[in-house]
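Visitor: I have a few questions about this fold. Could you take me through it, one element at a time?

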Amino acid sequence: MQRIATFQKVSKERFVQDFMDSVPGYNAEDAGRLYEEIKLPKRATKGSAGYDFYAPVTFTLHPGQTIKLPTGIRAQMEEGWVLSLYPRSGLGFKYRLQLNNTVGIIDSDYFYSDNEGHIMARITNDSNEDRILQVEQGTGFMQGIFTQFGITTDDDADGVRNGGFGSTTK
């Protein structure tokens with residue numbers, strides 16, 4: 001297997017700002033403490049394709065509820081690779097946990113964005129069986145898989161990213 005990427009934390013300032021903007025009920029001191037406890041994504045087994053992303057805070061989602069979670073994580077990867085994000089399989093199966101954009105796509109140049117390439121996850125408990133989802137802080141809730149990709153022979157893209165969601169089509 002090729003080793004093509006590293007996970008890093010975003011700066012504490014970036015995390016605190018994004019966390020306070022996304023998750024109600026936390027102040028800067030609380031968010032700063034959470035930052036210190038962030039775990040970098042890891043594979044659970046030698047044969048795992050997915051890197052588990054861990055919840056920065058305990059949260060509960062009733063059916064139909066959504067939360068936006070700043071992960072505190074950024075991914076630096078070689079050009080020609082992408083990080084695709086999915087709900088952890090068990091959570092998707094048991095609770096119909098879904099990423100609101102279906103699959104998160106983290107491009108290699110996102111690492112250099114103004115927001116430090118901070119990976120965010122907006123997730124919804126789409127259970128139609130009245131199942132309440134509770135995820136404890138430090139528990140895996142999402143997984144990321146690195147995939148190599150190709151481009152067309154006549155590709156002439158030369159734009160430079162400076163932002164997150166939808167920034168490359170502006």
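Visitor: Over how many bridges do strand S6 and S8 pair?
Guide: This is a predicted model. Strand S6 covers residues 81-87 and pairs with S8 in the antiparallel sense. One pair of bridge partners is Val82 and Asp107, the latter in S8. The number of bridges between S6 and S8 is 4.

Visitor: In what order do the strands of the open sheet stand?
Guide: The open sheet is formed by 4 strands with antiparallel pairing. Strand S2 (51-54) and strand S8 (104-107) each have a single partner strand, so one side of each lacks a neighbour in the sheet. On average, neighbouring strands here are turned by 30 degrees against each other, direction ignored. The order is S2-S11-S6-S8.

Visitor: Is Ser84 buried or exposed?
Guide: Ser84 lies in strand S6. Leaving aside neighbours within four places in sequence, its contacts include Val103, Gly104, Ile105 and Gln143. Its relative accessible area is 8%. The cut-off for burial is under 20%, so Ser84 counts as buried.

Visitor: How do the axes of helix H1 and helix H2 stand to each other, oblique or roughly parallel?
Guide: H1 spans residues 12-22 and H2 spans residues 28-36. Their axes come within 9 Å and cross at roughly 125 degrees. Roughly parallel needs an angle under 35 degrees, and roughly antiparallel needs one over 145. The crossing angle therefore makes H1 oblique to H2.

Visitor: Which residues of H2 does H1 meet?
Guide: The crossing of H1 and H2 is right-handed. H1 contributes Lys12, Phe15, Val16, Phe19 and Met20. On the H2 side they meet Ala28, Ala31, Gly32, Leu34, Tyr35 and Glu36.

Visitor: Against which elements do the buried residues of H1 pack?
Guide: The buried residues in H1 are Arg14, Phe15, Val16, Asp18, Phe19 and Ser22. Among them, Phe15, Val16 and Phe19 also meet residues of H2. The buried set packs against H2, strand S4 (66-70) and strand S9 (120-125).

Visitor: How many residues does the largest nonpolar core have?
Guide: Phe53, Phe59, Leu83, Ile119, Ile123 and Phe141 have the most contacts inside this core. Ile123 touches Phe59 and Phe141, and its contacts beyond four places in sequence also include Leu61, Ile67 and Leu97. The largest nonpolar core has 38 residues.

How values were computed: Residues numbered from 1 in each chain as written. Predicted model: local features only at pLDDT ≥ 70, side-chain atom pairs only at ≥ 80, totals over all residues. Heavy atoms only, no water. Pairing = 2+ DSSP bridges. Helix = DSSP H or I, 4+ residues; strand = E, 2+ residues; numbered from the N terminus. Axes fitted to C-alpha atoms, helices over the stretch in contact; angles between N-to-C directions. Core = buried A, V, L, I, M, F, W, Y, C linked by side-chain atoms within 4.5 Å. Buried < 20%, exposed > 50% of the residue type's maximum accessible area, 1.4 Å probe, protein only. Contact = heavy atoms within 4.5 Å. Parallel < 35°, antiparallel > 145°, perpendicular 65-115°, else oblique. Left-handed = near helix turned anticlockwise from the far one by under 90°.
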